[in-house]
Amino acid sequence: MPTPITAQPGDTLAPPAIEPEPLDYKIEWTELGGNVDEARLVVPLDYVDPQGETIELYVTRHRADPNDRIGSLLVNNGGPGSPASTMGINATSWFLPAITERFDVVGWDPRGTGASGGAVDCIDDAEYDEFFAAGDITPEDASDKADLVRLAEEFATRCQERVGRALQYIGTNNSARDMDAIRQALGEEQVSYFGFSYGSELGAVWATLFPTTVRAAVFDGAADPNADSTESTLQQWIGFENSLNTFLAECSATPSCAFHNDGDAESAFDALFVQLDESPIPGPEGRADVNLGVAVTGVVRAMYSDRFWPALERSLDEAQSGDGAGLLALQDAYYQRGADGTYSNLLESFQAISCADDPERLTVEEADEQAEVLIGAAPRLFPHTTGSYTCSFFPVAVDPRIDVTGVGAGPIVIVGTTGDPSTPLDSSRRMAASLEDGRLVIVEANQHTGYRVNRCIEDTIHNYLIQLEAPDTETVCG
């Protein structure tokens, strides 16, 4: 069995005996058209050694109206692993004119993602089904479980081989330091920030490391920053399970729902999942069978917003009749599979960045023991019977994510949505509580993140970013 890569001498954030000379950050923009520019910014791979190995960040900018410009707004759309350069290019799709006319919207692909340095691409497109669809999430014997362990170990080994030393330096702390490098390159003493989902965690680390550079910050769909990996997983599982139960209850109460099943969608769903576990539906030629794991991922994808619920109704109904194409399509959407069979590397980056942040490297036995608090916590949607070996074989974390405090950053607006499955409202409330001055705004909606759900939340965020008028905490936007 391959041995996990361990830290090498010098791979540590212990301060050197002599403070090294920092880089002079410079950014030269190239116009793309439509008020959009692009650039490459050179930053250190390891900020302890700024004159050592470097990587490049791909940065984009949508320029504000010069007459109304307030400053720069750094933005991130989550993951971890999602390239955010598209947010600069497509700023007017993400944000209303109140923002795009007053702020230069600056997006970048965080290190380890997209077109930036250290991009994580561990497996080939043709191997996605093997690694993410073929495994048995309820192994009944030692052989099935050994396959899960083998896939986890093989994935980690491929990442180490393909990404190299950068794999240990793509964590959230270094991405937050990159944010300050971008600020310096822009020549601004303070910048504003708008982060969605994991972008909230990134923003919270940035606000903690560089509080005096924060003009304003919005975290939309925030996770609990103090939860360990097990508690974080538990919060998410319960959040998704609650959303699924809401979906099934509405389907049972609505005769027009394609999965109505005479008003008992819940029992029909449970029976279908048992069936898929025992006898997967054959997949299309060259694709994986639609097993329990594929179905779980497909349903999870649909829970991100009730806009996807009609598609889920049809997919579940078709699966009852032996057609799993709809569930497979939802699973493919989760992994961002294109029509040509290629995949985004978001989920690969997600795993690698998460492991760079996590100080734990559990053995298989320790992971199974830790999972005992998870097994059965969300039995309908997460019927797993083993632990997760996601980080077990990754190299040791040399720079685990810091504790979040936001001390000295001023008021930060946290947006939590009542029906958010991925970052449940209670998790966003805990993010607000962890910050020195977190202001929670609650949006009533069944979806992940809340900006643009209604006029109330739009006005609340715009007034804060533009006028620096922070709302009272626990403000509700119905």
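Hi everyone, let's start with the rings. Y128, F131, F132, F155, Y334, Y335, Y343 and F394 come together in one aromatic cluster. Before I go on, please keep in mind that this is a predicted model.

One member of that cluster, F155, takes us to helix α5, where F155 is among the buried residues. So let's look at that helix. Helix α5 runs over residues 142–163, which makes 22 residues. From its first C-alpha to its last, α5 reaches 31 Å, close to the 32 Å expected at 1.5 Å a residue.

What happens at the two ends of α5? At the N-terminal end, D141 acts as a cap, with a side-chain oxygen 3.1 Å from the backbone nitrogen of S143. Just after the helix comes G164, which takes a positive phi of about 75 degrees.

Now for the sides of the helix. An α-helix has 3.6 residues a turn, so residues three or four places apart point the same way. The buried residues of α5 include L148, L151, A152, F155 and C159. Charged side chains are on the list too, with E153 and R158 among them. Which helices do the buried residues of α5 pack against? They pack against α4 (128–132), α13 (346–357) and α14 (364–370).

Back to the rings, then. How many aromatic pairs does the structure hold? There are 21. A pair of aromatic rings is described by the distance of the centres and the angle of the planes. Take W94 and F196: their ring centres are 5.5 Å apart and their planes meet at 50 degrees, so this pair is tilted. W94 belongs to helix α2 and F196 to strand β6, and the two are 102 residues apart, so the pair links distant parts of the chain. Are these two buried or exposed? W94 is partly exposed, at 28% relative accessible area, whereas F196 is buried, at 6%.

My second example is F247 with W309, an edge-to-face pair with 5.5 Å from centre to centre and 75 degrees between the planes. F247 sits in helix α8 and W309 in helix α11, so this pair ties together parts that are 62 residues apart in sequence. Both rings belong to buried residues: F247 has a relative accessibility of 1%, and W309 has a relative accessible area of 7%.

Last stop: F308. The charged end of R301 sits over the ring of F308, 4.3 Å from its centre. R307 also lies over the face of F308, at 5.3 Å from the ring centre. Thanks for listening!

Notes. Residues numbered from 1 in each chain as written. Predicted model: local features only at pLDDT ≥ 70, side-chain atom pairs only at ≥ 80, totals over all residues. Heavy atoms only, no water. Helix = DSSP H or I, 4+ residues; strand = E, 2+ residues; numbered from the N terminus. Expected span 1.5 Å × (residues − 1). Buried < 20%, exposed > 50% of the residue type's maximum accessible area, 1.4 Å probe, protein only. Contact = heavy atoms within 4.5 Å. Polar contact = N/O pair within 3.5 Å; in protein donor to acceptor, adjacent residues only side chain to side chain. Phe/Tyr/Trp six-rings, centres within 6.5 Å; stacked < 30°, edge-to-face > 60°. Lys NZ or Arg CZ within 6 Å of the ring centre and 35° of its normal.
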